[in-house]
Amino acid sequence: MASDVATVVYVAPAGARAASAGVFITLSANIAPWADHAHRSCAPRCGQGKMDETMEKKVVNDLAAMMRGIAEKRGRNAQWAEEAVRESVSITRPRR
């Protein structure tokens, strides 16, 4: 987000996916093309075991707000970005 030069993230080949942190990276790029049938999905995961309910809620809220902010700054679908974190909503690029 702070780069002085434009960044490009290309999700490929056809059928590839950007998941979890890959969604944050892709949405943060200035240009983010993706191949036919590629998809994006995101849901918070904890690498250190299960979080308690309060901590999980905090993490989800924080990441959802971050994703929404990134999407808004880059002119992308902020509603989907937030839902990707909160509800694990995925999107697929249809074949052209």
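**Exercise 1. In this predicted model, find which side-chain oxygen reaches toward the backbone nitrogen of Gln79 at the start of helix 3, and then describe the buried residues of that helix and what they pack against.**

Solution. Begin at the start of helix 3, where a side-chain oxygen of Asn77 comes to within 3.1 Å of the backbone nitrogen of Gln79. Next, go through helix 3 (78–87) and list its buried residues, which are Ala78, Trp80, Ala81, Glu82, Ala84 and Val85. Then look at the surroundings of these buried residues: they pack against helix 1, strand 2, helix 2 and strand 3. Finally, move past the end of helix 3 to Ser88, which follows the helix and has a positive phi, near 55 degrees.

**Exercise 2. Work out whether the distance between the end C-alpha atoms of helix 2 agrees with its number of residues, and determine which residues of this helix are buried and which exposed residues lie on the face turned away from them.**

Solution. Helix 2 covers residues 53–73, which is 21 residues. At 1.5 Å a residue, taken times one less than the number of residues, the helix should span 30 Å, and because its end C-alpha atoms are 30 Å apart, the two values agree.

For the second part, the buried residues of helix 2 are Val60, Ala64, Met67, Ile70 and Ala71. These residues cover an arc of only 130 degrees around the axis, and therefore they lie on the same side of helix 2. The face turned away from that buried side carries Thr54, Lys58 and Lys73, which are exposed. As for what covers the buried residues of helix 2, the covering elements include helix 1 (21–28) and helix 3 (78–87).

The two ends of the helix complete the description. At the start of helix 2, a side-chain oxygen of Asp52 reaches to within 3.1 Å of the backbone nitrogen of Thr54, and just after the helix Gly75 takes a positive phi of about 70 degrees.

**Exercise 3. Trace the three salt bridges of the structure and establish which residues they join into one network.**

Solution. Take first the salt bridge between Glu72 and Arg68, whose closest N and O atoms are 3.3 Å apart. Glu72 and Arg68 are four residues apart in helix 2, so about one helical turn separates them. With a relative accessible area of 49%, Glu72 is partly exposed, and Arg68, with a relative accessible area of 27%, is partly exposed as well.

Take next the salt bridge in which the side chains of Glu82 and Arg68 meet, at 2.5 Å from N to O. Because Glu82 lies in helix 3 and Arg68 in helix 2, this pair ties together parts that are 14 residues apart in sequence.

The remaining step concerns Arg86 and Glu82, whose side chains meet in a salt bridge at 2.8 Å, N to O. Both residues lie in helix 3, four residues apart, which is about one turn of the helix. Since its relative accessibility is 38%, Arg86 counts as partly exposed. Salt bridges that share partners thus join Arg68, Glu72, Glu82 and Arg86 into one network.

**Exercise 4. Set out the order of the secondary structure elements along the protein chain, and then the arrangement of the strands in the sheet.**

Solution. The protein chain has three helices and three strands, and from the N terminus on its elements run β-α-β-α-α-β. The three strands form an open sheet in the order 1-2-3, with mixed pairing. The edge strands, each of which pairs on one side only, are strand 1 (17–19) and strand 3 (91–92). Strand 2 (residues 39–41) runs antiparallel to strand 3 and is joined to it by two bridges, and in one of the residue pairs to note here, His39 has Thr92 of strand 3 as its bridge partner.

**Exercise 5. Decide whether Cys42 is buried or exposed, and identify residues that it touches.**

Solution. Locate Cys42 in the loop between strand 2 and helix 2. Its relative accessibility is 5%, and because buried means under 20%, Cys42 counts as buried. Leaving aside residues up to four places away in sequence, Cys42 touches Ser20, Val23, Phe24, Met67, Ala84, Val85 and Ser88. A further distance can be added: Cys42 and Glu83 are 41 residues apart in sequence, while their C-alpha atoms are 8.8 Å apart in space.

How values were computed: Residues numbered from 1 in each chain as written. Predicted model: local features only at pLDDT ≥ 70, side-chain atom pairs only at ≥ 80, totals over all residues. Heavy atoms only, no water. Buried < 20%, exposed > 50% of the residue type's maximum accessible area, 1.4 Å probe, protein only. Arc of directions from axis to C-beta. Contact = heavy atoms within 4.5 Å. Polar contact = N/O pair within 3.5 Å; in protein donor to acceptor, adjacent residues only side chain to side chain. Salt bridge = Lys/Arg side-chain N within 4 Å of Asp/Glu carboxyl O. Pairing = 2+ DSSP bridges.
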